[in-house]
Each structure stands twice: as structure tokens, then as C-alpha cells.
Amino acid sequence: MQTQLPADLLATRAGKTADTILRNCVHCGFCTATCPTYQLLGDELDSPRGRIYLIKQMLEGNEVSARTQLHIDRCLNCRSCETTCPSGVHYSRLLDIGQQYIQTQTTRPLLDRLQRYLLRLVVPYPKRYGFLTASARLIKPFLPAKLGQKIPPKAKVLPWKQQNHARKVLVLEGCVQSVSTPETNALAVQVLDKLGIEVLRPPKTGCCGALSQHLGANEEALEFMRRNIDAWRVHLNEVEAIISSASGCGVELKDYAHALAEDEDYKDEAAQVSALAKDLSEVIGKEVLPEMTPPETPIKVAFHSPCTLQHGQKITGVVETILKRAGYQLVNVENSHLCCGSAGTYSLLQAEISEKLKANKLAALGANQPDVIATANIGCQLHLADGDVPVKHWISLLLERL
Ligand code: SF4
Ligand code: SF4
């Protein structure tokens, strides 16, 4: 489409990037068919095409109204539209630029600002988040049921059992997963150990930066990225991959190169991190797995592929193949391309839409009576946990058969 971004904006990297992305969009509307918010709300401005138009208007210097902000805020950043788009429009990057731009043009209502600030202050820091969830568990019986459901149960802390191997990888421990389900990485370490791969665990790594970035705090996100790079720097030449068992963090690691491209002190290592970043399934899917004993009675698994895995990282069918090789029966899941409504902090900031998406997703996942739901991202795992079927990270199912 035609654009008329002001010259001062076009002189910036963000402006140039936005202009290129906008010009790639031919306004065909194919993406609307797979957009969860458009399907739910039926408003063109809650579709990718509508949001692209809103961002274009905004960047061209038109007023940013509360309505513009509302439709942008309602976007899940699920990237389903990117998968559908025949013109290769990099929507999420445009959204990111739009969200940063909004920060400079409007002031959110006080309560909204406070909520976002508190999320940034607590969630990316494992000690603070751990303290909050432990305290919340104490008062859970007195909380409304809906709020109580959001509090994760006490985590199982397992030791990292492994031997030294010539093949080495780093693993991102992250923030929410390291507190809520630390067993996921401990089990991943056991699986990798059986495959002859050692996991290095340097101190001082933390949140990948995604939470701050999606809340519009770009500089804070970059600081989290630099901190991880500082922790990994000495190992970058000895590892074959930097693994993430949470696809939401993995997609962010793969974007470090872009995020830090203008930082002279970090851009080379950021590019190296992005080149090494792999989802856990990408690494295990390429290995020759040992013979596995199928379960005595068939176990039916519904796999929920997180948006950050299938749309963000374009990894499809890999986990499903691993689980089939392990002897599980994969059941069909209708509309598997649609978001479950978790989407980072979306489930808290846009609770109503999120709950509807969750109800639809749980109905689709449960339709063929699975014994267990498997997934690959901590956000989805916690979000879907209040259904009737247990939700597990797929690595725990694999380890049970190894
Ligand atoms: S984003 Fe892609 S699919 Fe959507 S309107 Fe633009 S060109 Fe068409
Ligand atoms: S990222 Fe998801 S919710 Fe946002 S416009 Fe694209 S398909 Fe719709």
C-alpha cells in the first residue's frame, strides 16, 4: 500500500522498517480469516488488516486516539496472520514499532499504567515472582475462583542430573518457567544427557526480555538481553545451541540479533545468540532416539502448539513426530492454528477475550477425549491448566518413555 511517513521518522531504523512492512501489505484481507480477535469480535479494526491501517495512520502523523490504542492492545501478537499472509508481511515487527510509538504519543489511564508497571516490576524477576506466587497460594482459599485459578501450584524442584559430554548446549532458564515449572528444564537436562549432550548453566541469566518488550518498555527489554549475553559470552564458542524449552522465550532469543543490531558493544554476540537459539524440539527432533517401550495401554495426547512455536518460529509437526515415536496416540485438534488466549500478560490485561479463547481452545483440545494435553510453552501450560485434562510439557511425556 502507499505510505506517507514523515521524513524525520523515515530517517530512523524503526521508520524505515515500518515503511517497508506497510508497503508489502496489499490489503487483501486473507489474514482476517485466521485472526482470533477478528473471529471473536467481528470488527475490522480488530483484524490484522485493520490494525496495520491504524498503525499506518498513526505513523503518518494522525492523532492516536484511545480507540486506536484499544484495538492495538487487543492484538495477541500471536502471528497467525503472518503464517497466512501471502505477501510475507512481518506484522509482529510492525506491531512492535506501533506499540513503541503509542508510548510516545499518549498517556494511559493511571490504573492501566500501574498494572503494567507492577507486571514489569515482578514477573521477569524469579525471586519477586516466586515470593508473589507463594504468598498468593496462602490466601488462595479466600480469593475469587477465577483469580485463584491463575495461581500456579507449588513447583517440583528436581536436581539437574547429567554427566560431562563433549557436546554442549546452553539453556535459557527464563523467569516464569524457572519458578512455576522448574522441572521442565531439569527433565530436558535428563533427556539431553541420555543423548550425550551436556547443558551448561552459567549464573546470572534471567528473563529473555519478551515481557518488557510486549509491554512497550523497549530499553528494559534490551537490558535483559544484554544481561543474558554477558552471562553466556564466554560459552558462545563451545556450545552447539542455546536451547529454550519455552517457545515464547525461544522466539525472543531468535530476535536478539535484530533488537541489538544498533548496539556496537553487543550486536556481534546478539547475532551469535540468535544463530544458536533453538527450541528444545528442534534439537531433540534431529537426534536418533533410543528404542522406547510404548505405553501398555494406549495414551491419547492432544498437542497444543503454542503460537510462538508454530507462527513465531515456524516449527510445525516436530513435537508431534517425537511424541508419536515415543508411542503416544496423537488426537486431532480442530483449529490448532488459533491462540489459546495466554499470550504473555494478555490473559491479565485482556481477561475477557482471553477467557473466551481459552474456552474455545479447551473444547477443541478435549473433543477427542485425550488423556493428557501436551504443550511447549509455560504461558499456555499454566493458562490451560484449569481444564479437566492435565496439561504437561511434552518433554515430560518423552522422558517417561525413554
Ligand atoms: S497482512 Fe498480508 S494477508 Fe493481511 S491484508 Fe496485508 S497483504 Fe493481505
Ligand atoms: S497477531 Fe494474532 S491477534 Fe494480532 S492481528 Fe495477527 S492474527 Fe490477529
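**Exercise 1. The surroundings of ligand 2**

Of the 13 residues around ligand 2, which come nearest? Then work out where the ligand sits and what its shell is made of.

*Solution.* Before starting, note that this is a predicted model, where local features need pLDDT of at least 70, side-chain atom pairs count only at pLDDT 80 or more, and totals for chains, interfaces and linings use all residues. Residues are numbered from 1 along each chain as its sequence is written, chains are lettered from A and ligands numbered from 1 in the order in which they are written, and side-chain values use heavy atoms, with hydrogens and water left out.

Step 1. Collect the residues near the ligand (one heavy atom within 4 Å of it). Among the 13, the nearest are C35, R51, C75, C78 and C81.

Step 2. Find the space. Ligand 2 sits in the second largest cavity. A cavity here is a set of points, on a 1 Å grid over the protein atoms alone, where a 1.4 Å probe fits but cannot get out. A molecule sits in one if more than half of its atoms lie within 2 Å of its grid points.

Step 3. Ask who supplies the shell. The elements giving two or more residues to the shell around ligand 2 are α3 (36-41), α4 (48-59) and α6 (80-84). These labels come from DSSP runs numbered from the N terminus: helices are H or I with at least four residues, strands are E with at least two.

Step 4. Sort by class. The shell around ligand 2 holds eight nonpolar, three polar and two charged residues. For the sorting, Ala, Val, Leu, Ile, Met, Phe, Trp, Tyr, Cys and Pro are nonpolar, Asp, Glu, Lys and Arg are charged, and the others, Gly among them, are polar.

**Exercise 2. The surroundings of ligand 1**

Do the same for ligand 1.

*Solution.* Step 1. Around ligand 1 you'll find C25, V26, H27, C28, G29, F30, C31, I52, C85, P86, S87 and V89.

Step 2. Ligand 1 sits in the largest cavity.

Step 3. The shell around ligand 1 splits into nine nonpolar and three polar residues, with no charged ones.

**Exercise 3. Two helices, end to end**

Check the lengths of α7 and α14, then say what covers them.

*Solution.* Step 1. The expected span is 1.5 Å times one less than the number of residues. Helix α7 (residues 91-105) has 15 residues, so it should span 21 Å, and its end C-alpha atoms are indeed 21 Å apart.

Step 2. Eleven of the 15 residues of α7 are buried, meaning under 20% relative accessible area (over 50% is exposed, in between is partly exposed; 1.4 Å probe, protein chains only). Among those buried in α7 are Y91, R93, D96 and I102.

Step 3. The cover over the buried residues of α7 includes α2 (13-24), α4, α5 (66-73), α6, α13 (210-214) and α16 (256-259).

Step 4. Helix α14 (residues 218-232) has 15 residues and reaches 21 Å from first C-alpha to last, close to the 21 Å expected. Its buried residues include F224, R226 and W232, and the buried set packs against β1 (167-171), α13, β3 (241-244), α15 (247-253), α16 and α17 (267-276).

**Exercise 4. Contacts across the sequence**

Place P124 and Q310, and list what they touch.

*Solution.* Step 1. P124 is in the loop between α8 (110-122) and α9 (126-139). With a relative accessible area of 1%, P124 counts as buried.

Step 2. Contact means heavy atoms within 4.5 Å. Leaving aside neighbours within four places in sequence, P124 is in contact with L119, C175, C207, L211 and F224. P124 and F224 are 100 residues apart along the chain, and their C-alpha atoms are separated by 9.1 Å.

Step 3. Q310 lies in helix α19 and is buried, at 11% relative accessible area. Not counting residues up to four places away, Q310 touches T83, S305, I315, T316, S336 and H337. The C-alpha atoms of Q310 and C78, 232 residues apart along the chain, are separated by 9.6 Å.

**Exercise 5. Unusual backbone angles**

What is the phi of R79, and what is the phi of K314?

*Solution.* Step 1. Most residues other than glycine have a negative phi.

Step 2. R79, not a glycine, has a positive phi of about 70°. R79 lies in the loop between α5 and α6 and is buried at 18% relative accessible area.

Step 3. K314, also not a glycine, has a positive phi of about 55°. K314 is in the loop between α19 (307-312) and α20 (318-325) and counts as partly exposed, at 47%.

Terms used:
On a 1 Å grid over the protein atoms alone, a cavity is a set of points where a 1.4 Å probe fits but cannot get out, and a pocket is an open set with protein on both sides within 12 Å along at least five of seven lines; lining residues have an atom within 4 Å of a point.
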